[in-house]
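Subject: Structure handover

Hello,

Here is the structure I promised to pass on. Please open it first, then read my notes beside it.

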Amino acid sequence: MAKNKKVKKIFFYAMVICFLAINLFPFWIMLMTSFKGSSEAISTTPSILPRQFTTEHFVDIFNPEIFPFVDYFKNSFVISLFASVIAVIIGIGGAYALARLNFKGRNKINASFYTVYMFSGILIVVPLFKIISSLGLYDTRTSLVITMVVQTLPTAIFMLRSYFETIPKDIEEAAMIDGLSRFQIIIQIMIPLAFSGIISVFVYCFMVSWNDFLFASIFLSSTDKFTLPIGLNTLFSTPDYVWGRMMAASLITALPVVIMYSLSERFIKGGAIEGGVKG
């Protein structure tokens with residue numbers, strides 16, 4: 001019996017290692033290519049490790065004459081940050097209403113969130129384009145913030161509602177007895193107790209906004225307003241395009257989301273509910 005458990009454990013970890021190796025291999029190739037010289041990166045006899053390490057590609061992508069990486073980074077960060085904050089703020093209000101308040105059509109609204117996952121974002125491009133154009137917001141960062149809020153808000157409300165529903169109603173009832181209003185309950189009780197969920201929703205919204213290519217390519221036309229995904233795409237069609245430079249830019253583009261997820265991991269794990277109940 002003990003032997004079978006040991007065999008299963010070995011098999012399980014072997015499968016995990018294989019899964020990680022398959023998924024991480026492209027990132028390893030990306031990392032190694034970013035340290036290869038231009039000629040070695042396109043060699044017909046590729047190598048896993050660079051024969052000669054170089055950091056020239058990382059230097060080049062920060063050269064505004066080759067690739068305005070810093071400007072694209074600022075655009076992506078500002079748009080993603082504002083869109084995520086707005087989506088979370090509106091999502092908190094909408095999620096609390098659906099989780100706690102009784103009103104006509106509440107169940108139908110709750111059920112309608114499942115339909116969001118059935119359709120692609122491409123279906124709302126045309127109506128959004130007409131709205132943005134009529135408002136005179138085409139080719140502005142504001143247009144992309146609006147589209148990202150529209151894209152992420154349904155999922156944000158759906159996720160936050162699930163977190164709010166796990167909070168015992170006894171806590172709210174005790175707060176109402178103490179004289180707190182609904183707004184005070186949201187600020188002083190619901191948000192602190194669901195903070196891990198709010199952080200995870202914020203990271204999700206930020207990740208979607210940061211990686212967006214479809215809406216940015218449609219609603220932005222000025223080079224100085226481009227986000228990183230659009231900027232990386234334009235780098236493909238320039239004389240300065242080389243594989244090493246592309247890999248270096250792609251790696252640095254992925255860093256903010258990785259860092260943000262790593263820093264927020266301890267909040268995502270949760271555990272605040274138990275403390276709130278005991279208190």
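Below is what I found, going from the whole chain down to single residues.

**Overall**

Keep in mind that this is a predicted model. The chain has 14 helices and zero strands. Its C-alpha trace spans about 70 × 70 × 30 Å along the principal axes. The radius of gyration is 24 Å, whereas a compact globule of 279 residues would have one near 19 Å. Of the 279 residues, 38% count as buried.

**The core**

Which residues touch the most other members of the largest nonpolar core? They are Phe67, Ile92, Phe164, Ile167 and Phe215, in a core of 62 residues. Helix α4 gives this core its largest share, eleven residues.

**The surface patch**

There is also a nonpolar patch on the surface, of about 650 Å². Its members are Phe77, Val78, Leu81, Phe82, Val85, Ile86, Ile89 and Ile90. Take Ile90 as an example. You will find Ile90 in helix α4, which covers residues 69-100. Its relative accessibility is 40%, so Ile90 counts as partly exposed.

**Salt bridges**

Side chains of opposite charge can pair when their charged atoms come close. How many salt bridges does a search of the whole structure find? The search gives five.

Start with Arg245 and Asp60. Their closest N and O atoms are 2.9 Å apart. This pair links distant parts of the chain, with the two positions 185 residues apart in numbering. Arg245 sits in helix α13 (residues 243-268), and Asp60 in helix α3 (residues 56-61). Are these two partners buried or exposed? Arg245 has a relative accessible area of 10%, so Arg245 is buried. Asp60 has 16%, so Asp60 is buried as well.

Next, look at Glu165 and Arg161. Their side chains meet in a salt bridge, 3.6 Å from N to O. Both lie in helix α7 (residues 141-165). They are four residues apart, about one turn of the helix. Arg161 counts as buried because its relative accessibility is 8%. Glu165 is at 41%, so Glu165 counts as partly exposed.

Then there is Lys225 with Asp224. Here the closest N and O atoms are 4.0 Å apart. Lys225 is at 18% relative accessibility; the limit for buried is under 20%, so Lys225 counts as buried. Asp224 is at 49%, and exposed would need over 50%, so Asp224 counts as partly exposed.

Finally, Arg100, Glu172 and Arg182 form one network, joined by salt bridges that share partners.

**Aromatic rings**

A pair of aromatic rings is described by the distance of the centres and the angle of the planes. The count of aromatic pairs comes to 17.

Phe12 and Tyr13 are one of them. Their ring centres are 5.4 Å apart, with 75° between the planes, and the pair is edge-to-face. Phe12 has a relative accessible area of 51%; the cut-off for exposed is over 50%, so Phe12 is exposed. Tyr13 has 45%, so Tyr13 is partly exposed.

Why is the pair of Phe62 and Phe69 edge-to-face? The planes of these rings stand at 70°, and edge-to-face applies at over 60 degrees, so the pair falls in that class. The ring centres are 5.2 Å apart. Phe62 is partly exposed, with a relative accessible area of 42%. Phe69 counts as buried, at 3% relative accessibility.

Ring pairs also build a cluster. Among its members are Phe62, Phe67 and Phe69. Tyr72, Phe73, Phe77, Phe202, Phe206, Trp210 and Phe226 belong to the cluster too.

**One backbone detail**

Where is Asp139 placed? Asp139 is in the loop between α6 (125-134) and α7. Its phi is near 65°, a positive value in a residue other than glycine. Asp139 has a relative accessible area of 13%, so Asp139 is buried.

**Where to look first**

Try helix α4, since it ties two of these topics together. Helix α4 gives eleven residues to the largest core. Helix α4 also holds Ile90, one of the residues of the nonpolar patch. After that, go to Arg245 and Asp60, the pair that links distant parts of the chain.

Best wishes

Technical notes:
Residues are numbered from 1 along each chain as its sequence is written. This is a predicted model: local features need pLDDT of at least 70, side-chain atom pairs count only at pLDDT 80 or more; totals for chains, interfaces and linings use all residues. Side-chain values use heavy atoms; hydrogens and water are left out. Patches are made of residues with over 30% relative accessible area and no salt bridge: like charges are joined within 9 Å, nonpolar side chains (Val, Leu, Ile, Met, Phe, Trp, Tyr) within 5 Å. Accessible areas come from the Shrake-Rupley method with a 1.4 Å probe; for residues, only the protein chains shown count as cover. Buried means under 20% relative accessible area, exposed over 50%, partly exposed in between (1.4 Å probe, protein chains only). A nonpolar core is a set of buried Ala, Val, Leu, Ile, Met, Phe, Trp, Tyr and Cys residues joined through side-chain atoms within 4.5 Å. Rings of Phe, Tyr and Trp (its six-membered ring) pair if their centres lie within 6.5 Å; planes under 30 degrees apart count as stacked, over 60 as edge-to-face and the rest as tilted. The radius of gyration is taken over C-alpha atoms; the globule rule is 2.2 Å times the number of residues to the power 0.38.
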